[in-house]
Amino acid sequence: MNIINVKSVIKYRLKRYFPKIIWLFVANLNKHRKNKKYSECRKKFGKLNKELHIYVIRRRPPGGGLFSNVNHVLQGLIYSEDNQMCPVVDMENYITEYSSIRGFNGKRNAWEYFFSPVSKIELKEAYRSKNVTLSEGDRILKNHLMSGRNISYVTNKDFLKKVHLIYNKYIKLNQFTNSYIQYIYNFCELDKNNTLGVFLRGRDYLENPTGHPIQPKIKTVIKDISSYLEEKPINKIFLSTDDEEIRESLVVKFGDLVTQSIRSDAKTELAKHLRDKFKIPSGTIARNISYLSEIYILSELSYNIASLSNGSAIMHVLNGNKFRDNLLYYYGVN
């Protein structure tokens with residue numbers, strides 16, 4: 001069980017023993033305390049790094065989905081670069097929805113489950129340093145393209161180039177994640193030049209649409225995929241989706257062109273093989289590393305069709321406007 005689940009169980013068991021009015025009063029006090037706690041603040045923790053100004057990028061627990069958290073870190077990296085500070089990501093003291101009590105691959109900092117540190121300053125060292133700023137816990141860049149719910153920055157090519165450079169400078173996959181992704185490439189025999197990447201959100205965006213980008217109809221997607229297959233040298237479709245109905249619709253239409261799902265919760269032989277080979281515990285860590293891998297693979301393919309979400313936005317950041325041909329469904333936000 002991850003840390004967030006343990007806290008939720010304790011919280012809602014305690015709630016049964018308090019009158020509603022008292023519970024709400026305490027909840028409001030706690031909300032005010034947390035708002036103050038997660039405002040940007042300057043700290044002096046020790047005597048190290050007197051010549052550096054360290055910027056700790058943190059997010060109010062439990063944060064958001066994986067790529068919402070990546071977006072938040074990117075905001076922090078832009079802010080720290082603009083203000084000539086040395087960034088450090090803390091997802092150890094400020095936990096995420098995929099943080100594990102046991103950690104993963106010897107790491108306690110959930111950022112480092114999948115990524116390398118963003119600078120040479122280690123987390124422990126940051127909290128022994130003299131000049132430290134703790135970031136805002138939410139929306140570091142106020143009134144900025146990166147913080148908008150409509151994720152409109154992905155349509156701005158000039159801005160996308162700038163964010164691409166920041167991403168490549170600071171955010172690197174760790175060795176474990178790199179080897180996981182390379183294994184998928186080899187196992188699925190993916191050729192970047194003749195594989196069509198397709199990214200579609202389903203379940204959570206359709207069932208809880210408020211505040212999420214509007215998604216395309218599956219009939220529209222099938223029509224557009226068919227056009228790509230007619231006009232481009234494509235012999236495989238690498239599909240990233242959390243919705244089994246969407247996957248089934250595409251498999252029915254395009255058959256063996258659609259590669260097996262690598263999602264950790266998929267019931268495919270490939271998904272099980274990946275979990276076993278890389279010794280990935282079931283649950284949120286497994287789901288997130290498979291999702292992360294899909295986005296990185298999609299970003300390197302020549303052809304792409306995608307609906308809009310934080311994941312596909314980061315995919316475009318990674319790609320840096322280098323798709324040979326791509327289609328992004330951008331219909332605004334519900």
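## A first look at the helices, the sheet and two buried residues

Let's start with helix 7 (residues 175-188) and helix 12, which pack at an angle of about 65° with their axes 10 Å apart. Axes here are lines fitted to C-alpha atoms, for helices over the stretch in contact, and angles run from 0 to 180 degrees between N-to-C directions. Helices (H or I, at least four residues) and strands (E, at least two) are DSSP runs, numbered from the N terminus.

A word on the source: this is a predicted model, where local features need pLDDT of at least 70 and side-chain atom pairs count only at pLDDT 80 or more, while totals for chains, interfaces and linings use all residues. Residues are numbered from 1 along each chain as its sequence is written, and side-chain values use heavy atoms, with hydrogens and water left out.

Back to the helices. Helix 7 passes helix 12 in a right-handed crossing; the near helix is then turned clockwise from the far one by less than a right angle, and anticlockwise would make it left-handed. From helix 7, residues including Phe176, Tyr180 and Ile184 take part, meeting helix 12 residues that include Ile289, Leu292 and Tyr296. Contact means heavy atoms within 4.5 Å.

Helix 12 (residues 284-300) also has its axis come within 8 Å of that of helix 13 (residues 310-319), and the two cross at roughly 40°. That makes helix 12 oblique to helix 13 (under 35 degrees counts as roughly parallel, over 145 as roughly antiparallel, 65 to 115 as roughly perpendicular and the rest as oblique). This crossing, too, is right-handed. Among the residues that meet are Tyr291, Ile295 and Tyr296 in helix 12, and Met315 and Leu318 in helix 13.

Here is the make-up of the two contacts by class. Ala, Val, Leu, Ile, Met, Phe, Trp, Tyr, Cys and Pro count as nonpolar, Asp, Glu, Lys and Arg as charged, and the others, Gly among them, as polar.

| Contact | Nonpolar | Polar | Charged |
|---|---|---|---|
| Helix 7 with helix 12 | nine residues | three residues | one residue |
| Helix 12 with helix 13 | six residues | four residues | no residues |

Now for the sheet. Four strands form an open sheet in the order 1-4-2-3, with mixed pairing. Strand 1 (41-43) and strand 3 (86-89) stand at the edges with a single partner strand each, so one side of each is left without a neighbour in the sheet. Neighbouring strands are turned by 30° against each other on average, direction ignored. Strand 2 (residues 54-57) and strand 4 (residues 132-134) pair in the parallel sense over three bridges; two strands pair if DSSP finds at least two bridges between them. Valine 56 stands opposite leucine 134 in strand 4. Helix 3 (residues 66-82) packs on the sheet, touching strand 2 and strand 3, and its direction makes about 165° with that of strand 2.

Two single residues are worth a look. Phenylalanine 254 sits in helix 10 and is buried, at 11% relative accessible area. Buried means under 20%, exposed over 50%, and partly exposed in between (1.4 Å probe, protein chains only). Its contacts beyond four places in sequence are Ile222, Ile225, Ser226, Leu229 and Ile237. Threonine 259 lies in the loop between helix 10 (244-254) and helix 11 (269-277); threonine 259 is buried as well, at 9%.

Zooming out, the protein chain has 13 helices and eight strands, and 50% of its 334 residues count as buried.
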